[in-house]
Amino acid sequence: PDVCVVGLGYIGLPTAAIFAHKGLRVHGVDVSPRTVDAINAGKVPFVEPDLGGYVQRAVAAGKLTASGDPVPAKAFIIAVPTPFKDGHEADLSYIESATRAVAPHLSGNELLILESTSPPGATEFMASIVAEERPELADADLKFAHCPERVLPGRVMVELVINDRIVGGLTPEAAQVAAELYRVFCEGEILLTDAKTAEMAKLVENSFRDVNIAFANELSVIADEHGIDVWELIELANHHPRVNILQPGPGVGGHCIAVDPWFIVSSTPTLSNLIRTAREVNDAKPDFVMDKVKAAIDGVDSPKIAALGLAFKPNIDDLRESPALAITERLSAELPGAQILAVEPHVDELPAKLAGHPNVSLVATEAAVREADVVLVLVDHTAFKSLDRSLLEGKTLIDTRGLYR
Ligand code: SAJ
């Protein structure tokens, strides 16, 4: 094949599919047999708009295949997870094992790209693993680059094509060759740099957003203390030509913004005070929401709480690192005498983390609101906006998203 993509998740699979769509021969690799089988059958194991069509056509055209092991290719793209360990340090073990799996298939002139979001130095680490596995290739022409993606879940197939792209090489030549590869489908600008700057650029982008959301979340707590409406406050302040405050919520979720800033903090702990504090502010927001709910049900006999939304952001079914889901779990555990009416129009059954909790049930929006004493809005799904507002009369509304203001 032209390209071998290791890791067929939210980034690897769309990337593999779009290369195949452009006519390259692509082989995808994943440790999950379920994922491999789905792809070989032309199917997608998760929800992402338009991805299904790309995969189905690429597999039917014989351009995309999948298996559990890498095969020789001109370029390898590693797109495996980089979670963090207990001390918020990045866990590079998936990158390491993917690199070790690729190493035996190298002949010496390949391009190896790390796409996984990584702490500074990870691309060098990848090269050091190859050097360890294949010392005889020390003087060969292997090229290493880091090419982070910045696509927004839900818009991946569009943003892969139109977003500008940063390509950082361990050598300038490596950056050049990697840029030529991405040019196959990327219509945005391709910006060349060194690998470490590229690694940091990705982390900095998500930290920028995290710090700005933390500002909004801190304002929401301050405004609450003053008894004023934070959404009106932000709307007014944003009329200033150089002010653009983001929206507060119940916390920050997803697998990127709540994770990536820690890679900066753990690489330079004494220098990253603002970034760390922003993370702490956002992570503390669920405590504030819990306190509000506890105050609202104080003195209410067998209270019923409608929790609107479980996803990590509006209009998706993605529950990973979702503050809404975490808060609903805490409601169930910390308020055993309350009944939790969980509402999530994008799923058909309670997620594993809530299934089996005797005081939690999955209920339709209107029914939940009718029955509840307390209505807690956790996600601003469009589907919630059409709710008949008169149903909220006589109930305590805790609206973390400002949906019903
Ligand atoms: N959020 C707020 N208030 C806001 C904006 C967002 O509370 O004003 C919350 C959301 O509810 C959600 C979290 O932040 O819980 C993150 O959502 P998001 O839509 O901002 O971002 P993600 O995690 O879906 O995708 C981000 C994007 N990064 C940036 O916008 C800088 C995306 O471009 C990256 O590719 C992606 O992370 C990634 O993979 O790193």
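Which strands and which helix make a right-handed β-α-β unit with S5? I began with this question and found that strand S5, helix H5 (residues 122–133) and strand S6 make up that unit. I note at the outset that the model is predicted.

**Entry 1: strand S6 and its partners**

I looked up strand S6, which spans residues 143–146. Lys 143 and Ala 145 point one way from this strand, while Phe 144 and His 146 point the other way. I recorded each of these four residues as buried. In a regular strand, side chains alternate between the two faces of the sheet.

I then turned to the pairing. S6 is joined to S5 (residues 111–114) by 4 bridges in the parallel sense. Leu 112 has Phe 144 of S6 as its bridge partner. S6 also pairs with strand S7 (residues 165–169), here in the antiparallel sense and over 2 bridges. In that pairing I found His 146 opposite Gly 168 of S7.

**Entry 2: Glu 115, after strand S5**

I located Glu 115 in the loop between S5 and H5. Is Glu 115 buried or exposed? I counted 21 C-beta neighbours inside 10 Å, and the threshold for a buried residue is 20 or more, so Glu 115 counts as buried. Setting aside neighbours within four places in sequence, I listed its contacts as Ile 11, Ile 77, Ile 78, Ala 79, Cys 147, Pro 148 and Glu 149. I also looked up the separation of Glu 115 from Leu 233, which is 118 residues away along the chain; their C-alpha atoms are 39 Å apart.

**Entry 3: the start of the chain**

I found Pro 1 in the segment before strand S1 (3–6). Pro 1 has 21 C-beta neighbours inside 10 Å and therefore counts as buried. Beyond its neighbours within four places in sequence, Pro 1 is in contact with Arg 25, Val 26, His 27, Val 71 and Ala 73. The C-alpha atoms of Pro 1 and Ala 75 are separated by 8.6 Å, with these positions 74 residues apart along the chain as the sequence offset.

**Entry 4: the two domains**

I consulted the domain assignment, which gives domain 1 (3–188) and domain 2 (207–399). Taken over C-alpha atoms, the centres of the two domains are 34 Å apart. The contact takes 11 residues from domain 1 and 11 residues from domain 2. On the domain 1 side I noted 6 nonpolar, 4 polar and 1 charged residues.

**Entry 5: the nonpolar cores**

Which residues touch the most other members of the largest nonpolar core? I found that this core has 73 residues, and that the residues in question are Val 5, Val 6, Phe 76, Ile 78, Ile 113, Ala 145 and Ala 178. The core draws at least three residues from each of domain 1 and domain 2. A second, separate core holds 34 residues, including Ile 327, Leu 331, Leu 354 and Leu 376. In soluble globular proteins, nonpolar side chains tend to be buried together.

I looked more closely at Val 5. Apart from residues up to four places away in sequence, Val 5 touches Gly 12, Thr 15, Ala 16, Val 26, Gly 28, Val 29, Ile 77 and Ala 79.

**Entry 6: strand S9**

Why is strand S9 (residues 304–308) described as largely enclosed by the rest of the structure? I found that 5 of its 5 residues are buried, so the description follows. Lys 304, Ala 306 and Leu 308 lie on one side and Ile 305 and Ala 307 on the other, and both faces are covered.

S9 runs parallel to strand S10 (residues 339–343), and 5 bridges join the two. Ile 305 has Ile 340 of S10 as its bridge partner. With helix H12 (residues 323–334), S9 and S10 make a right-handed β-α-β unit. S9 is also paired in the parallel sense with strand S12 (residues 374–377), over 4 bridges. There I recorded Leu 376 as the bridge partner of Ala 307.

**Entry 7: two positive phi values**

Most residues other than glycine have a negative phi. I therefore noted Ser 302, which has a positive phi of about 35° although it is not a glycine. Ser 302 sits in the loop between helix H11 (273–297) and S9. With 9 other C-beta atoms within 10 Å, Ser 302 is exposed.

I noted Asn 315 as well, with a positive phi of about 65°. Asn 315 is in the loop between S9 and H12. Asn 315 has 13 C-beta neighbours inside 10 Å, so I recorded it as partly exposed.

Note on methods. Residues numbered from 1 in each chain as written. Predicted model: local features only at pLDDT ≥ 70, side-chain atom pairs only at ≥ 80, totals over all residues. Buried ≥ 20, exposed ≤ 12 C-beta atoms within 10 Å, placed from the backbone. Pairing = 2+ DSSP bridges. Right-handed = clockwise from strand over helix to strand, strands pointing away. Core = buried A, V, L, I, M, F, W, Y, C linked by C-beta atoms within 7 Å. Domains from an automatic or database assignment. Contact = placed C-beta atoms within 7 Å. Nonpolar A, V, L, I, M, F, W, Y, C, P; charged D, E, K, R; others polar.
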